[in-house]
Structures are given as structure tokens and as C-alpha cells.
There are 2 protein chains.
Amino acid sequence: MTNQLTAAKEGIITQAMKVVARAESINVEDLRRSIADGKAVILANNRHKKFTPKGVGKGLSVKVNANIGTSPEMINVATELEKVQNAREAGADAIMDLSTGGNLNEIRKLIIDNANLPIGTVPIYQAVVETVKKRKTITKLDPDEFFDIIEKQGQDGVDFITVHCGVTQRSLERLKKQGRITDIVSRGGAFLTTWMIANKKENPLFEQYERLLKIAKKYDMTLSLGDGLRPGSIADATDRAQIEELITLGELAQEAINNGVQVMIEGPGHVPLNLIEANILLQKKLCNEAPFYVLGPIVTDIAPGYDHITSAIGGALAGYYGADFLCYVTPSEHLGLPSPQDVRDGVMVCKIAAHAADIARGNPKALKLDKTMSKFRKALDWNGQIKCAIDPSKITNFRQERKLKDDVCSMCGEYCAIKVVKDYFKK
Amino acid sequence: MTNQLTAAKEGIITQAMKVVARAESINVEDLRRSIADGKAVILANNRHKKFTPKGVGKGLSVKVNANIGTSPEMINVATELEKVQNAREAGADAIMDLSTGGNLNEIRKLIIDNANLPIGTVPIYQAVVETVKKRKTITKLDPDEFFDIIEKQGQDGVDFITVHCGVTQRSLERLKKQGRITDIVSRGGAFLTTWMIANKKENPLFEQYERLLKIAKKYDMTLSLGDGLRPGSIADATDRAQIEELITLGELAQEAINNGVQVMIEGPGHVPLNLIEANILLQKKLCNEAPFYVLGPIVTDIAPGYDHITSAIGGALAGYYGADFLCYVTPSEHLGLPSPQDVRDGVMVCKIAAHAADIARGNPKALKLDKTMSKFRKALDWNGQIKCAIDPSKITNFRQERKLKDDVCSMCGEYCAIKVVKDYFKK
């Protein structure tokens with residue numbers, strides 16, 4: 001079975017590399033080299049059939065992930081498949097199934113079969129849900145069962161998994177010494193912490209990291225090294241616990257690459273604008289430029305209902321400074337599970353942030369699209385603008401509702417600046 | 001009649017300075033000094049009764065303006081007053097009346113009387129509308145009539161006016177030499193250009209700048225030196241024409257301050273993320289740190305329907321780097337005139353951007369609010385969160401619709417990270 005990293009190291013161009021390079025209009029040999037160096041990854045489980053592999057990292061456009069999935073309170077498979085559809089249509093590059101309610105194996109399989117995109121998971125969710133079902137408490141989680149679940153998800157074709165390997169006894173000690181407003185807000189991080197404290201044991205994902213690498217390599221599952229200790233508030237941003245964990249993730253990333261396993265690093269979370277650049281530079285330095293996958297980041301805590309926007313602000317800036325993969329945040333974040341419409345809105349706004357970052361990074365395809373849009377705008381050509389728009393329905397709906405025809409715009413009417421000076425600038 | 005700048009230069013603390021300093025929890029003597037240096041302004045026409053003056057500039061929180069007003073196609077005074085109400089309730093710090101349809105004097109008066117906020121205008125709009133009514137064409141605009149309109153608006157209590165004094169024969173020459181995708185997109189800039197070309201004359205706002213200063217000083221109207229040549233697309237951002245105009249605005253700003261007239265500088269517009277910092281630094285250097293009032297900036301051209309978000313991204317970053325005053329952009333930008341709901345959404349999102357900038361700039365009030373919010377979030381205290389939220393209705397509506405009670409959140413349910421690790425972090 002294909003392993004992208006091993007192939008890249010041996011100088012082999014795989015089919016997936018060709019697909020990715022063509023989609024991005026980049027040189028495939030440059031891509032191969034970035035993968036060999038661990039600076040880019042291709043999300044493509046070698047058992048996953050019929051989907052479009054995506055590249056994440058150096059030289060590639062900024063990618064967008066949509067989290068979906070059930071909770072114990074909201075189990076509706078049809079709704080989740082509607083979210084898949086909305087995420088795809090809005091332009092998501094990947095989908096993570098974070099389900100914790102219902103038949104998890106079945107839901108995951110349906111999502112994999114319907115998405116036509118790389119699929120990610122957080123296997124500890126399933127491990128915890130099954131443990132609680134069987135033995136009532138998280139603290140009775142059996143590490144062997146946990147690794148079996150990871151293996152099963154690999155067999156099913158999951159392309160990338162979040163594994164919170166950096167939540168260690170040492171990082172928890174530093175976390176406690178640090179003192180935080182919001183302690184731990186990562187679910188995976190919280191589960192592992194609870195287990196580690198109760199059992200007075202090291203994190204099995206850290207202690208048995210080689211076992212994890214073996215499974216990941218077999219299915220060519222990319223490890224997304226999770227930030228279980230990411231801060232959950234502006235006040236806690238970029239503290240010692242976060243950076244302690246990041247150093248560990250950098251060490252683990254190197255080990256993964258040495259062992260033929262592709263790896264990404266996950267990042268926060270809640271970060272004020274003035275700390276975003278430092279967060280990106282630090283990750284790139286400490287992790288040998290491994291692809292950086294950030295959640296948001298949101299730039300203020302006070303805007304529930306608007307966290308797709310607070311995260312678009314942070315995500316755009318993070319992407320500009322070098323983050324490679326943005327995990328969307330929906331308007332429902334901090335309130336509850338997102339609806340299918342929230343998923344659509346979340347992906348769309350995150351795509352805008354990713355595109356703004358691509359422009360700032362000088363991505364030629366992105367720059368060309370904006371230039372074409374502007375030419376149509378100058379020409380008052382609405383059909384052309386609809387073709388270039390990130391969400392064409394916004395333009396068509398607006399104009400249909402107001403019955404606007406031809407080049408008419410209700411904003412300035414006859415006092416349109418473009419019309420007024422048109423003759424003067426004719427070449 | 002009071003003139004804030006003259007008072008500040010003479011070491012006098014005015015009532016308006018006290019109001020502003022108290023609202024911002026800053027030292028009033030520091031504020032006075034910033035005003036005397038032209039680094040901050042207080043928007044407060046000395047004929048404007050019953051309203052809350054606002055400070056803009058050095059040492060102050062980032063402010064938000066909402067543009068409203070009729071167009072020839074959409075004249076509904078009740079709708080405009082609803083926009084005033086929505087802008088106020090969403091937290092706008094100022095409102096600009098950009099009406100070009102209906103009885104402009106009457107509409108402006110109603111807005112001034114209802115807003116309880118500083119009001120801005122672009123007097124050339126009224127001058128052009130009246131000229132076209134009387135003499136059919138913009139090119140027959142009479143400069144004396146134009147100055148009479150500015151005087152009338154001053155008498156009526158307008159607190160700040162956009163005047164495109166930097167659209168000069170020289171800057172137009174440079175604009176033409178530059179070559180642009182979108183030429184001129186500022187309406188005021190386009191009107192003046194048309195007049196200047198047709199009449200082969202210099203811009204009256206530039207040529208008779210002393211006359212303008214005299215009127216402004218009389219009513220203590222702050223001049224907002226408009227960027228008539230601001231780029232209207234990412235491809236045109238930060239070109240020679242824009243910077244030529246900015247240099248002129250810097251010179252005119254100095255002259256205004258020397259003559260006892262408060263002044264702000266207006267800035268773009270369409271700016272990619274990688275050029276925002278340079279735009280702010282340049283304005284601050286070229287204009288002796290006069291307050292910078294930016295429109296957006298939006299960071300991509302391809303997102304009509306989402307330009308409140310593209311501008312929140314740019315505005316947050318601009319504010320962080322030192323912009324003082326953000327002009328909101330609504331979801332209707334590039335499509336048509338905004339609805340009252342668009343006004344609410346536009347102000348709210350722009351407030352989020354301004355707040356994110358305040359946090360990044362280390363504003364103690366802003367930081368404290370986020371910290372308090374996070375403590376309530378940690379405690380799963382929804383009433384506390386509602387109190388801190390920028391838009392409390394988003395939380396209450398979400399929870400009412402889903403009938404959520406007490407500390408329940410539908411996102412993680414029983415697997416809530418905060419609940420899971422609560423005991424471990426108890427001090």
C-alpha cells in the first residue's frame with residue numbers, strides 16, 4: 001500500500017501528489033520535496049476509496065476543515081449528512097467527524113462514503129464513549145481498547161486523526177503551576193487528563209507512541225498532534241503550559257517523520273491579534289516547519305454567536321503568517337452544536353479567511369481571481385461578478401429580491417462613481 | 001463658542017474632554033495633550049445639542065462609524081431612522097448621513113436630532129444633488145454654493161465632514177500615469193474629478209482650503225480629509241496615486257492644526273493583509289500621527305454578501321496597528337443600499353473588530369471584559385456570559401430556541417471538558 005512520506009523520501013511521485021499539484025497549479029517535484037521534508041502532507045488513507053486527496057503545508061493554498069458530528073443530546077444521522085453536503089458545497093477541504101452520540105462506527109462510515117473529501121476524527125471520543133457505556137467512567141478507559149479503535153478507524157479509511165500525545169505528566173504539572181482562567185477546554189485533553197490523574201499513569205498516546213506510529217504508517221493516516229492544553233481564553237493565551245506542550249509535539253513530529261508517518265501540529269484556539277504572529281513563528285521553529293493546523297484562532301472571548309467571524313479574523317492573520325490549515329468555527333461555538341446552516345456559514349467565512357491569507361501570501365491563483373472580479377466590477381458586469389464570487393447565491397438572491405436589472409445598483413444609483421468618471425479613464 | 005483644539009492648546013480642559021476621558025477611564029490631561037498635538041480629536045460641533053461627544057485617536061479605544069442615508073432610488077425617512085436606532089443600539093460611536101435622495105436638509109436634521117451621537121456628512125453629495133436638480137450636470141457645480149452648503153451643515157450641528165481636498169490636478173495626473181483596474185471608486189472623488197476635468201480647474205476644496213478651515217473652525221467641525229483616490233480593488237492597493245494623495249493630506253492636516261481645526265485622515269478601502277501594517281505606519285508618519293479613519297479595509301474582492309466580514313478582518317488588523325476609527329461595511333456593500341438589519345449586523349461585526357484591536361493594543365477595559373467573560377464561561381454561568389457578551393440576544397435566543405436550561409450546552413453534553421476536569425484544578 002502507498003505511503004506518501006516513504007514514497008516522497010525515495011523520490012517517487014505518487015498519484016495523489018499529481019492530483020494535489022495539478023489542483024494547486026504547482027510543481028509536483030517541489031511538492032514531493034516538501035512532503036519528504038515533513039513540511040507538507042497529503043491527507044489520504046491508503047484504504048480510503050473515491051475521494052479527492054488534499055495537500056496541506058508548504059507551497060500550498062491554505063485549507064479549511066469543517067467539524068461535524070452528533071452529541072449525546074443530538075443524534076440525527078440525516079442532519080449530519082446534510083452538514084457534510086453543506087460543508088462540501090461551501091468549499092471545505094476536509095471534514096472531521098467528532099460524533100459522540102449514536103452508533104459511532106456507522107455514522108463515521110456514512111460520512112466517509114458521502115464526503116468525497118479527506119476525513120479526520122478524534123479517536124479518543126469513541127474510546128471514551130464506549131468506556132462510559134461499558135464501565136460507567138472515563139477513568140476505566142483501557143489503553144489496548146483505545147489502540148484497537150485507532151486501528152479500526154484506520155481500516156475504515158480515516159485520513160487524519162487528532163491525537164493529544166503532548167498531554168503528559170510533565171505538561172500537566174506545568175499547567176497546574178501556571179494557573180489559568182479556563183484550565184483545559186480541549187475535550188480530548190480533558191479526557192486524558194482525568195484518566196492520567198485517576199490512574200497515576202502517563203498518557204498512553206505518549207508512552208506507546210511507537211505503537212501509534214505503527215498503526216498510522218500502515219494506513220498512511222496523518223497524525224494531527226492535538227493541543228490538549230490549548231488555552232480557552234484570551235487571558236490564558238500563549239502561556240507556559242501551551243508552549244511546554246508545543247515543544248513535546250515538535251519532538252514527536254520529528255519522530256513521526258523519521259518513522260515514515262506524516263504529521264501536522266494543532267494550535268490554538270483563543271489568541272489576541274498581537275500574539276498570532278509569535279504563535280505561528282514559534283510552531284514553525286519548534287516543529288521543523290511541520291504543517292500547522294489551527295482552530296480559529298478567535299481574537300476575543302465576548303462574541304458568542306459571532307465566533308465564525310472572530311475566528312475568521314484570527315484565521316486570516318494566522319494563514320498570512322504561515323498557518324496551513326484552518327479549522328472553522330461556527331456561529332454556534334460556545335453555545336451548542338451547529339446546525340447545517342451554521343456549517344455552511346462557518347465554512348464560507350473560513351474560506352474567505354483562507355483566501356485572504358492566500359492573497360497576502362502572494363498565491364498567484366488567488367490574486368488572479370480577485371483581479372478578474374475587480375475587472376467585472378469596474379465593467380458593472382454582474383454575471384461576471386457572480387462567476388468570481390465566493391458565494392454566487394448572495395449576489396443573485398440580493399438582486400432578485402430587489403428586482404435589480406442590468407447594471408443598476410441601489411447603493412449609489414445615478415451617482416455611481418464608476419459611471420461618473422468612466423469617460424475620463426478610457427484609454 | 002468652544003473650540004476643542006484651541007482650548008487644548010491653551011491648556012484648558014473642556015466639558016467634552018471630561019466626558020470623553022471619563023467614558024474611556026483615561027487621564028484627561030493626557031487627552032488634552034493629544035488633542036493639542038493633533039493626535040486625537042473630539043467630534044463635537046459647538047452648535048450640536050444633546051449628544052454624547054466622542055474622542056478619536058491616540059490613547060483612546062478604537063471607534064466605529066455607521067454610514068446610513070437615502071439614495072435616489074430608496075427614499076424612506078422612517079427606514080433611515082430605524083437604521084439610526086439599530087446603529088445606536090449595536091454600539092456605533094458615530095453615524096454618517098450619506099443621503100442623496102429626498103429632502104436632504106430635513107433628513108439630516110432628523111438624523112442629528114435622533115442619533116444622540118456625533119454625526120458626519122459628505123457635503124459634496126448635497127452640492128452635487130442640488131446642482132443636478134438645478135442645472136442637470138455635475139460639471140456645473142458652483143464652488144460658492146458648495147461652500148454655502150458646508151456652512152449650512154456646520155450651522156445644523158454636523159460634527160465632522162468628509163472633504164476630498166487631496167484630489168488635485170497633480171494627484172489625478174499621477175493616477176492616470178499609474179493605470180488602475182478600478183480607477184476611482186470614491187463618489188466624492190469621482191464628482192470632483194469630473195468637475196475638475198470638465199472645467200480645467202483645481203479642486204475648490206484644495207484651492208480654497210483656508211475658506212474651508214474658517215468654516216470648520218467656526219463650528220468646531222472636524223475635517224475628515226477624504227481619500228478620493230482610494231483604490232477599489234486588491235490589485236490597485238497602495239499604489240502611487242494613493243500615496244501621492246496621502247502626502248497632500250498630511251500637508252493639509254498640518255495646516256488645519258496650525259489654524260485651530262481638528263482633523264482626521266481617511267484611508268482605504270481594499271487592502272490585502274500583507275499591506276495593512278505599511279498603510280497604517282505610512283499614514284502615521286506622513287500625517288504627524290493625526291487620527292486615522294479607515295473604510296474597512298476589506299481584504300479580498302470576491303466576497304460580496306460577506307463584506308462586513310472581509311472588513312472586520314482588515315479593520316481588526318488596522319486597529320491593532322494603530323488605526324483609530326473604523327467605518328463599518330455592511331453585508332450589502334458592493335450590492336446595494338443596506339437594510340436596517342444590515343446596519344445592525346455591520347455595526348456589531350465592526351465593534352467586534354474594534355474590540356479585538358483594543359485587546360491587542362492592551363486596552364485595560366477591553367482585557368478586563370474578556371477575562372470576566374472567561375470566568376463566567378469556566379463557571380458555566382450563562383447569565384454572567386450574557387452580561388459580558390457583545391450581543392446578549394445571540395445567547396438568549398439560542399438557548400430559548402433549544403430550551404436549554406441551567407449549565408447545559410448541546411455541544412459536548414456530558415463530555416464537557418470543563419466539567420470533566422473541574423475537580424483536578426480546584427485550588
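Tutor: A residue is called buried when its relative accessible area is under 20%, exposed when it is over 50%, and partly exposed in between. Keep in mind that this model is predicted.

Student: What percentage of the residues in chain A is buried?
Tutor: Apply the cut-off of under 20% relative accessible area. Chain A has 427 residues. The buried share of them is 64%.

Student: What radius of gyration does chain A have, and why does it agree with a compact globule?
Tutor: The C-alpha trace spans about 75 × 50 × 40 Å along its principal axes. A compact globule of 427 residues would have a radius of gyration near 22 Å, so the value for chain A agrees. That value is 22 Å.

Student: How many helices and how many strands are there in chain A?
Tutor: Take the two kinds of element in turn. Chain A has 19 helices, and its strands number 10.

Student: Among contacts in chain A between residues at least 6 apart in sequence, what percentage joins residues at least 24 apart?
Tutor: Start from the pairs at least 6 apart in sequence. Then keep those at least 24 apart. Their share is 72%.

Student: What part of the accessible surface of chain A belongs to carbon and sulfur atoms?
Tutor: The accessible surface comes to about 15400 Å². Carbon and sulfur atoms account for 49%.

Student: How far apart are the centres of the positive and negative side chains in chain A?
Tutor: There are 57 positive side chains and 52 negative ones. Each set has its own centre, and the two centres lie apart by 5 Å.

Student: Which residues have the most contacts inside the largest nonpolar core?
Tutor: This core has 236 residues. B:Leu212 is one of those with the most contacts inside it, and beyond four places in sequence its partners include B:Phe147, B:Ile161 and B:Leu223. The full list is A:Leu212, A:Leu223, A:Leu225, B:Leu212, B:Leu223 and B:Leu225.

Student: Is A:Pro118 buried or exposed?
Tutor: A:Pro118 sits in the loop between helix 5 (104-115) and strand 5 of chain A. Beyond four places in sequence, it touches residues including A:Leu43, A:Phe51, A:Ile95 and A:Phe160. A:Asp93 is 25 residues away along the chain, with 7.3 Å between the C-alpha atoms. The relative accessibility of A:Pro118 is 0%, so A:Pro118 is buried.

Student: Where is A:Thr121, and which strand holds it?
Tutor: A:Thr121 is buried, because its relative accessibility is 2%. Its contacts beyond four places in sequence include A:Met96, A:Arg108 and A:Phe160. A:Pro231 is 110 residues away along the chain, and the C-alpha atoms are separated by 21 Å. A:Thr121 belongs to residues 119-121 of chain A, which form strand 5.

Student: Is B:Thr330 buried or exposed?
Tutor: B:Thr330 lies in the loop between strand 10 (325-327) and helix 15 (340-360) of chain B. It touches B:Asp307, B:His308, B:Pro338, B:Asp342 and B:Gly346, neighbours up to four places away aside. Its relative accessible area is 4%, so B:Thr330 is buried.

Student: How far apart in space are B:Asn76 and B:Ile107?
Tutor: B:Asn76 is in the loop between strand 3 (63-68) and helix 4 (77-90) of chain B. With a relative accessible area of 37%, B:Asn76 is partly exposed. B:Ile107 is 31 residues away in sequence, and the C-alpha to C-alpha distance is 9.6 Å.

Student: What is omega for the cis peptide bond from A:Gly296 to A:Pro297?
Tutor: Most peptide bonds are trans. A:Pro297 is in the loop between strand 9 (292-295) and helix 14 (307-321) of chain A. In chain B, a cis bond joins B:Gly296 and B:Pro297, with omega about -10°. For the bond from A:Gly296 to A:Pro297, omega is near -10°.

Student: What is phi for B:Thr238?
Tutor: Most residues other than glycine have a negative phi. B:Thr238 is in the loop between strand 7 (222-225) and helix 12 (240-258) of chain B. Its relative accessibility is 26%, so it counts as partly exposed. B:Thr238 is not a glycine, yet its phi is positive, about 60°.

Student: Is B:Lys403 buried or exposed?
Tutor: B:Lys403 lies in the loop between helix 18 (392-401) and helix 19 (417-420) of chain B. Its phi is positive, about 50°, although it is not a glycine. Its relative accessible area is 70%, so B:Lys403 is exposed.

Note on methods
Residues numbered from 1 in each chain as written. Chains lettered and ligands numbered in written order. Predicted model: local features only at pLDDT ≥ 70, side-chain atom pairs only at ≥ 80, totals over all residues. Heavy atoms only, no water. Helix = DSSP H or I, 4+ residues; strand = E, 2+ residues; numbered from the N terminus. Rg over C-alpha atoms; globule rule 2.2 N^0.38 Å. Buried < 20%, exposed > 50% of the residue type's maximum accessible area, 1.4 Å probe, protein only. Contact = heavy atoms within 4.5 Å. Areas by Shrake-Rupley, 256 points an atom, 1.4 Å probe, with all protein chains shown as cover. Lys, Arg positive; Asp, Glu negative; His and termini not counted. Charge placed at Lys NZ, Arg CZ, Asp CG, Glu CD. Core = buried A, V, L, I, M, F, W, Y, C linked by side-chain atoms within 4.5 Å.
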